[in-house]
Amino acid sequence: MQNPSRVLVSRFAVEVGTSLFTMALGAIALFGSIEFGIGWGDAGPQPGYFPFYVGLIIIIASAAALFQVFICQRSRKEAFLTVEQGVRIISFFGPMLGFVAISSFLGIYVGLCIYLTGVMTVQGGYRPLKAFVFSIGMAVAFYLIFDFWFQVPLLKGPLEALLGIH
């Protein structure tokens with residue numbers, strides 16, 4: 001058992017949330033299928049027949065999982081995500097999110113250079129100049145592979161337009 005003060009998200013909360021989420025998905029399928037008819041017509045089952053029962057099965061299974069969580073897991077204080085794990089996840093996805101944001105404005109090649117330089121310097125411990133040279137090499141390699149050889153143009157920004165790269 002982990003230190004409760006270091007628990008960011010408990011397993012109990014995640015299991016309850018997942019059960020409620022899948023139950024809601026089942027309810028959406030169930031109520032959506034009613035609109036198309038759930039009975040049996042002259043030509044066989046109506047269009048909503050199978051989705052209705054799939055939604056019903058999902059609701060029943062989710063309710064059983066929710067019941068099991070409350071009976072078996074309520075007293076256990078197990079961690080699903082600790083603070084340390086949360087920091088590692090953010091340190092991985094944070095720069096990636098920054099890469100996506102930068103690439104949407106400055107283009108994929110500039111975004112790649114900034115992302116690789118930052119990640120190699122901060123997380124990898126490389127010297128900034130070495131990381132920058134490597135990131136420039138990767139951007140050139142990506143350009144040659146995608147834009148030049150495979151002729152799949154990637155998102156370009158203002159720097160590529162300034163350099164005349166199409």
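## Close-up views of a predicted model

**View 1. Q151 sits in the loop between helix 5 (128-149) and helix 6 (158-163).** Keep in mind that this is a predicted model, here and in every other view. So what is special about the backbone at Q151? Its phi is positive, at about 55 degrees, although Q151 is not a glycine. Is Q151 buried or exposed? Q151 counts as exposed, because its relative accessible area of 65% is over the 50% cut-off.

**View 2. Here is the whole protein chain, with its six helices and four strands.** Start at the N terminus and follow along: the elements come in the order β-α-β-β-α-β-α-α-α-α. How spread out is the protein chain compared with a compact globule? For 166 residues the globule rule gives 15 Å, but the radius of gyration is 25 Å, well over that, so the protein chain is more spread out than a compact globule. The C-alpha trace spans about 65 × 55 × 20 Å along its principal axes. Of the 166 residues, 21% count as buried. Now take the contacts between residues at least 6 apart in sequence: 58% of them join residues at least 24 apart.

**View 3. Helix 1 (residues 11-34) packs with helix 2 (residues 49-73).** Their axes lie 8 Å apart, and the angle between the two helices is about 160 degrees. How do they run relative to each other? Helix 1 and helix 2 are roughly antiparallel, because angles over 145 degrees fall in that class. As for handedness, helix 1 passes helix 2 in a left-handed crossing. What kinds of residues make up this contact? There are 18 nonpolar, seven polar and two charged ones.

**View 4. F31 belongs to helix 1.** With a relative accessibility of 58%, F31 counts as exposed. Now look for P95, one of the helix 3 residues that meet helix 4. How far apart are F31 and P95 in space? Their C-alpha atoms are 41 Å apart, and 64 residues separate the pair in sequence.

**View 5. G39 lies in the loop between helix 1 and strand 2 (40-41).** This glycine is partly exposed, with a relative accessible area of 29%. Which residues does G39 touch, leaving aside those up to four places away in sequence? They are P45, Q46 and Y49. You can also find F50, which is eleven residues from G39 along the chain; the two C-alpha atoms are separated by 9.7 Å.

**View 6. W40 is part of strand 2.** W40 is exposed, with a relative accessible area of 60%. If you skip residues up to four places away in sequence, W40 touches P45 and Y49. Both P45 and Y49 are touched by G39 too. Then there is L25, 15 residues from W40 along the chain, with 24 Å between the two C-alpha atoms.

**View 7. Helix 3 (residues 83-106) packs with helix 4 (residues 108-122).** The angle is about 150 degrees and the axes are 7 Å apart. That puts helix 3 roughly antiparallel to helix 4, and the crossing of this pair is right-handed. Which residues of helix 3 meet helix 4? Look for P95, M96, F99, I102, S103 and L106 in helix 3; their partners in helix 4 are I108, V110, G111, L112, I114, Y115 and V119. Sorted by type, the contact has eleven nonpolar residues, two polar and no charged.

**View 8. Helix 4 also packs with helix 5.** This time the angle is about 145 degrees, with 8 Å between the axes. Helix 4 and helix 5 make a right-handed crossing. On the helix 4 side, the residues are Y109, L112, C113, L116, T117, M120 and T121. The helix 5 residues that they meet include P128, F132, F134, F142, Y143 and D147. How many charged residues take part in this contact? There is one, alongside 14 nonpolar and three polar residues. You may recognise L112, because we met it in the previous view, where L112 of helix 4 takes part in the contact with helix 3.

Key: Residues are numbered from 1 along each chain as its sequence is written. This is a predicted model: local features need pLDDT of at least 70, side-chain atom pairs count only at pLDDT 80 or more; totals for chains, interfaces and linings use all residues. Side-chain values use heavy atoms; hydrogens and water are left out. Axes are lines fitted to C-alpha atoms, for helices over the stretch in contact, and angles run from 0 to 180 degrees between N-to-C directions. Angles under 35 degrees count as roughly parallel, over 145 as roughly antiparallel, 65 to 115 as roughly perpendicular and the rest as oblique. A crossing is left-handed if the near helix is turned anticlockwise from the far one by less than a right angle, and right-handed if clockwise. Ala, Val, Leu, Ile, Met, Phe, Trp, Tyr, Cys and Pro count as nonpolar, Asp, Glu, Lys and Arg as charged, and the others, Gly among them, as polar. The radius of gyration is taken over C-alpha atoms; the globule rule is 2.2 Å times the number of residues to the power 0.38. Buried means under 20% relative accessible area, exposed over 50%, partly exposed in between (1.4 Å probe, protein chains only). Contact means heavy atoms within 4.5 Å.
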